[in-house]
Each structure stands twice: as structure tokens, then as C-alpha cells.
Amino acid sequence: MSISHDQIVRVLMRERIRLLAFIQVLVFDSHTAEDVLQDISALAIQKSHEINSEQHLLLWLRKSARYKAMNLRTKHQPQLFDSQVLDLIESDWAMHENAGSSDTMHALEQCLGKLSPYARSVVDSRYRDGPVSYTHLRAHETRA
């Protein structure tokens, strides 16, 4: 029995942050990681008839992300990791996949919600937008 499109979307929404983090480890760029996630999400829906369960979907998404990231890297950058290192990253990621991520994410959201607007912009700039310069932060601080 294949997985439904609704199930795929639910899994993608639930696992989005974790998948993005996994992909970003491979491509070193948050924007490229977003592009890879979008590509494999669309492909998962197209190939839903080949996917049997949520667990199978998660494995399929990681494998697809890995291949997509490797293809992008070979086109645009020299390959930094050989396949053995990628295997280790993937197996380590799989071991932590079932850890209580929703509890952790909920706690993180609560902590972030307590930050001042400036402090939140610093965290967003670093972890959502990538490294940020001190000059950029000072300019933002004077506007706030």
C-alpha cells in the first residue's frame, strides 16, 4: 500500500527543520538546502506510489536529499565528503531521528519567544540567514 499525498505533506511539515538541517550539513548553504528540500518534496509526491510508509518516506527523503546535494556539489563545488563520510552522517542522523524532536522544538520556540526583538534578530540572522557581521548587527540595533 502506498502512502497518500496528505501523509507525505504531514511528514514533510513535521520533519521540515530536521530535513533542512540534514541537507544543510551536505550543501553548506541554507538557501541551497531550501531548494533541495523543495525539489525532493515535489518528487516525493510524484513518486508516492513507490513509498509504503512514513518510515520508508523518511529514509527515501534522506537518500534523495543526499543524491540531490551530491549532484549540486559536483556541479558547483568540489566534493568535501566521500561516500563513506556521507554514510556515517546519514546513519547518525537516522539514530537521532526518533528522539523527541517535537518536544525539543516546542521548548526552543518557547525560549525564542522570550527574547527581545533585537536578540531574536541576532539568532535569526545567525541560524536562519547564515553568518552575520558585527557591522550588520550594529546597524540593526540602531534601527530597533
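Contact, in this talk, means heavy atoms within 4.5 Å. With that in place, take Leu61. Setting aside neighbours within four places in sequence, Leu61 is in contact with Leu12, Leu19, Ile40 and Ala44. I will come back to that residue.

First, some background. This is a predicted model. The mean pLDDT of the protein is 79, and 72% of the residues reach 70 or more. By element, α2 has the highest mean pLDDT, at 92, and helix α7, residues 134–143, has the lowest, at 50. Please keep that value for α7 in mind when you look at the end of the chain.

The secondary structure is quickly described. There are 7 helices and 0 strands, and along the sequence the pattern reads α-α-α-α-α-α-α. Of the 144 residues, 28% count as buried. Among contacts with a separation of 6 or more, 61% are between residues 24 or more positions apart.

Now the core. Which residues of the largest nonpolar core touch the most other members? They are Ile23, Ile40, Ala44, Leu57 and Leu61, out of 24 residues in that core. At least two residues come from each of α1, α2, α3 and α4, where α3 is 54–76 and α4 is 83–97. The most come from α1, which gives 9 residues. Leu61 therefore appears here again, and two of the residues it touches, Ile40 and Ala44, are also in that group of five.

Next, the pair α1 and α2. Their axes are 9 Å apart and they pack at an angle of about 145 degrees. The crossing of α1 past α2 is right-handed. On the α1 side, the contact includes His5, Ile8, Leu12, Arg16, Leu19, Ile23 and Val27. On the α2 side, the residues include Ser30, Ala33, Glu34, Leu37, Ile40, Ala44 and Ile45. By type, the residues of this contact divide into 13 nonpolar, 5 polar and 2 charged.

Between these two helices there is a loop, and Phe28 lies in it, with α1 covering 5–27 and α2 covering 30–46. What is the phi of Phe28? It is positive, about 65 degrees, although Phe28 is not a glycine. Most residues other than glycine have a negative phi. Is Phe28 buried, partly exposed or exposed? Its relative accessibility is 47%, so Phe28 counts as partly exposed.

Let me turn to two arginines, Arg66 and Arg73. Arg66 is placed in helix α3, and Arg73 is found in helix α3 as well. Arg66 counts as buried because its relative accessibility is 7%, and the cut-off is under 20%. Arg73 is buried too, with a relative accessible area of 7%.

What does Arg66 touch, neighbours within four places left aside? Its contacts are Leu26, Ser83, Leu86, Asp87 and Glu90. One of these, Leu86, lies in helix α4 and is buried, with a relative accessible area of 5%. The C-alpha atoms of Leu86 and Arg66 are separated by 8.0 Å, and the two residues are 20 apart along the chain.

Leu26, which is on the contact list of Arg66, also comes up with Arg73. The C-alpha atoms of Arg73 and Leu26 are separated by 8.6 Å, with their positions 47 residues apart along the chain.

That is the end of my part.

Notes: Residues are numbered from 1 along each chain as its sequence is written. This is a predicted model: local features need pLDDT of at least 70, side-chain atom pairs count only at pLDDT 80 or more; totals for chains, interfaces and linings use all residues. Side-chain values use heavy atoms; hydrogens and water are left out. Helices (H or I, at least four residues) and strands (E, at least two) are DSSP runs, numbered from the N terminus. Buried means under 20% relative accessible area, exposed over 50%, partly exposed in between (1.4 Å probe, protein chains only). pLDDT is the predictor's confidence in each residue, from 0 to 100. A nonpolar core is a set of buried Ala, Val, Leu, Ile, Met, Phe, Trp, Tyr and Cys residues joined through side-chain atoms within 4.5 Å. Axes are lines fitted to C-alpha atoms, for helices over the stretch in contact, and angles run from 0 to 180 degrees between N-to-C directions. A crossing is left-handed if the near helix is turned anticlockwise from the far one by less than a right angle, and right-handed if clockwise. Ala, Val, Leu, Ile, Met, Phe, Trp, Tyr, Cys and Pro count as nonpolar, Asp, Glu, Lys and Arg as charged, and the others, Gly among them, as polar.
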